[in-house]
Amino acid sequence: METSSFSRVLIFLFILNLFLCSQFIHSAITYDSKGIIINGQRKILISGSIHYPRSTPHMWEDLIRKAKVGGLDVIDTYVFWNAHEHSPGKYNFEGRYDLVRFIKTVQRVGLYVNLRIGPYVCAEWNFGGFPVWLKYVPGISFRTDNEPFKKAMQGFTKKIVQMMKSERLFASQGGPIILSQIENEYGSEVKEFGAAGEAYINWAAKMAVGLNTGVPWLMCKEDDAPGPVINTCNGFYCDSFKPNKPNKPMMWTEAWSGWFTEFGGPVHDRPVEDLAFAVARFVQSGGSYFNYYMYHGGTNFARTAGGPFITTSYDYDAPIDEYGLIRQPKYGHLKQLHRAIKLCERALVSSNPTVTSLGTYQQAHVFSGKGTCAAFLYNYHFTSSKRVTFRNKQYDLPAWSISILPDCKNVVFNTAKVGVQTSHMQMLPSSSRLLSWQTYDEDLSSLEDSPTMTVNGLLEQVNVTRDSSDYLWYMTSVVVSQSDLHGQAPELLVQSSGHAVHVFLNGQLSGSAYGSREDRRFTFKGPVKLRTGVNRVALLSVAVGLPNVGPRFETWSTGVLGPVILQGLRSGKKDLTWQKWSYQIGLKGEKMNLAHPTGVSSTDWVEASLAAQSTQPLTWYKAYFDAPGGVEPVALDMQSMGKGEIWINGHNIGRYWTNYAKGNCGPCSYHGTYRPAKCQHGCGSPTQRWYHVPRTWLKPRQNLMVIFEELGGDASKISLVKRSVARVCSDVYEHHPTADNWSLDGESYNKTVDHVKAHLQCGVGQSISSIQFASFGTPSGTCGSFLKGTCHAEDSHTILEKMCIRKQRCSVSISNTNFGGDPCPNILKRLSIEAICS
Ligand code: GAL
């Protein structure tokens, strides 16, 4: 070949290559009934919610990498309007709100994104994500066919889409965003809004589709999702969900991995056996996309928690815990499930399931086509296990479980058989001390000197504060004659619409009262100490997160709306409701910017004798500390305190409240239909005792901690703790099915290793310091309470010590040869281990 024609060929190949590459980079995202199609390939997509403002940018990459290792393909996040547009037209995309950086991090790690723009998001986020100013746009009504609302919603949606487009973040442009969502669970609202609701949802779909992102739009829990918009399911189970058109795939945008927590309530857990069962049930019914809500819940920093009464922790019992650490066995068991599902992917996307009965409560769901075959063997009996026969082979199915057979023969995973380790976490006291305590007293004597306003009657709280602070003072006075005090003990009655109130009489705290998430309205009723003459009544009304869900929640009231009545006077009762009230927005300390390093003026603080301060309400505390050594996540132990807010180096850590959790924390079993009240812990203890202090907000020395305490607490007992793994357990049968041992080579499945292994792993920087228990044989019990059985390999302990001590992780084969021979032939054995990490 001549040189010139040779170079022409080279140039041609180069251009062809460029063309092919750009085809690959600019992904076409479509769908059909079987799934989302990326560049012509149908996919089973596994997704997890990680909300960017609920961790710090410093944590993002690690969280996303852990998600990838956990077997996820997609990261799902809402977009939080009120975080980005705090006041109209003033945008913030910095720090935790750097949406573009978050999406680019996901892209760098190599995962896709589902961008749930909303802009209504619910999410236990303040006001459901709406900026509070939106409520004050003249003529507005949220989430319905209302011009001012639609204009604002379109404006923000467009802004976000434009931002993504200009950064080339949609898959159609070569970016990671393969899906986006408009609105959120509108299905339940439509009843409320009727025809206007229908008009609105049609408008929303059209508006979104008109933005030409090149990727499909979703609407969750909206059966009427119009046109090409895919309606999706949210819930604890979604296997009976059907999309509204035959050409739409079956998608589950919120597989609730646990549940959120409310101050005053217990902490909810969702057993991983049940979550895995729910997911497998969805997939065996034809589901092709599922998203864990949440995969990492994180923290409601500052005043971002919705409500009312959502805790600062948004841990959610997610596979990655609030602090960014892996939660075991949840993370590991789901990882194995994902591997098992991916081994079935080809069969799943190329056929619909054929369902056959294997018993009264047992079924086989078989996907076969294009030379593949995958089966899901399903036992939905609540309590009984069952031996079933499938294609002439016998299989044992535990109660409420599904076995996955990627080749229709071999079980590689059963949802109820957990083979991965269990990790017990601890909050270890750190050696960092809180030093140079000072206090500042919210002195009430000058409260009325310069009120924000004075009017007749009681005002709704958010109308006054516009949510610039949680706090609003309602102040009035009442004149009492000497003879009035000769009646019964006088009582004050304060009716509030939410969420908490502290009642002060003549500068002294008389008592407090709170509502609840279910019933925001409440009444304070308590004895008050009056004096002859003028008595000053000051009510500190406290918001604990604005509502994020419910019909027309933007119209719900907060604050003391009355009546306010003084009763038990000799002359009868005095209704104070309609008299003159003065208002003061926020606290003095807030106005003085006490929480910020620049606002900390030394003259305002006094050296503290903490003992004397210990029960003083409305007190600001300040102290310095050095960052605890090591790399473990850090938290503040606030058990000795009451209720308030915390700042570290000017960063708002969030609201704290150590009120005790009411509820029933009985034993929990994974089988049977899950609901949050079924499995919970922490009853009788503070709902939230520990508060996450991200390491990136700390400097090595002299960190400033500021606390505002409403009720009175013992600040001297606040301490810094480090979160780490205390001990790990493994408890695995010798014939445990595991997807890890299988690989798919072309058309056939190969078992790569024959024996099952027990894996143990401590946290970063830790190692196994001792083996607390080890038995290969027939041990019983669970992690923390294992007991030897009648069959026990004598060397179990020594073998484990030899293989694991001083190692961060170790793996032990569960085989007779490894344990010096079979300790009891013909008996099914297991290996149970408990190891200490330090
Ligand atoms: C869903 C909602 C989510 C979240 C969840 C509960 O209904 O779409 O945003 O609020 O409930 O955690």
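This is a chat about the ligand site, ring pairs and disulfides of a predicted model.

Biologist: Let's start with the ligand. How many residues surround the ligand, and which are the closest?

Modeller: The ligand is surrounded by 15 residues. Tyr78, Ala123, Glu124, Glu185 and Tyr316 are the closest.

Biologist: What does the shell around the ligand divide into?

Modeller: The shell has 10 nonpolar residues, 2 polar ones and 3 charged ones.

Biologist: Which backbone atoms lie by an oxygen atom of the ligand?

Modeller: Val121 has a backbone N or O atom 3.0 Å from a ligand oxygen. For Ala123, a backbone N or O atom lies 2.8 Å from an oxygen atom of the ligand. Ala123 is also one of the closest residues I listed earlier.

Biologist: And what about the side chain of Asn184?

Modeller: An N or O atom in the Asn184 side chain is 2.9 Å from an oxygen atom of the ligand.

Biologist: How much of the ligand's accessible area does the protein cover?

Modeller: On its own the ligand has 310 Å² of accessible area, and the protein covers 95% of that.

Biologist: Changing topic. How many aromatic pairs does the structure hold?

Modeller: There are 56 aromatic pairs in the structure. One of them is formed by Tyr91 and Phe93.

Biologist: Why is the pair of Tyr91 and Phe93 called stacked?

Modeller: The ring centres of Tyr91 and Phe93 are 6.3 Å apart and the planes meet at 20°. Planes under 30 degrees apart count as stacked, so this pair is stacked.

Biologist: Are Tyr91 and Phe93 buried or exposed?

Modeller: Phe93 is buried, because its relative accessible area is 14% and the cut-off for buried is under 20%. Tyr91 has 35% relative accessibility, so Tyr91 counts as partly exposed.

Biologist: Still on rings: which residues lie over the face of Tyr314 and of Trp657?

Modeller: Arg54 lies over the face of Tyr314, 3.7 Å from the ring centre. Over the face of Trp657 lies Lys643, at 5.0 Å from the ring centre.

Biologist: Last topic. How many disulfides does the count come to?

Modeller: The count comes to 8 disulfides. Among them is the link from Cys373 to Cys408, with an S to S distance of 2.0 Å.

Biologist: Is the link of Cys373 and Cys408 left-handed or right-handed?

Modeller: The link of Cys373 and Cys408 is left-handed, with -80° about the S-S bond.

Definitions and conventions. Residues are numbered from 1 along each chain as its sequence is written. This is a predicted model: local features need pLDDT of at least 70, side-chain atom pairs count only at pLDDT 80 or more; totals for chains, interfaces and linings use all residues. Side-chain values use heavy atoms; hydrogens and water are left out. A residue is near a molecule or strand if one of its heavy atoms lies within 4 Å of it. A polar contact is a pair of N or O atoms within 3.5 Å; within protein, one must be able to donate a hydrogen and the other to accept it, and residues adjacent in sequence count only if both atoms are side-chain atoms. Accessible areas come from the Shrake-Rupley method with a 1.4 Å probe; for residues, only the protein chains shown count as cover. Ala, Val, Leu, Ile, Met, Phe, Trp, Tyr, Cys and Pro count as nonpolar, Asp, Glu, Lys and Arg as charged, and the others, Gly among them, as polar. Rings of Phe, Tyr and Trp (its six-membered ring) pair if their centres lie within 6.5 Å; planes under 30 degrees apart count as stacked, over 60 as edge-to-face and the rest as tilted. Buried means under 20% relative accessible area, exposed over 50%, partly exposed in between (1.4 Å probe, protein chains only). A charge sits over a ring if NZ of Lys or CZ of Arg is within 6 Å of the ring centre and within 35 degrees of the ring normal. A disulfide is a pair of cysteine sulfur atoms within 2.5 Å.
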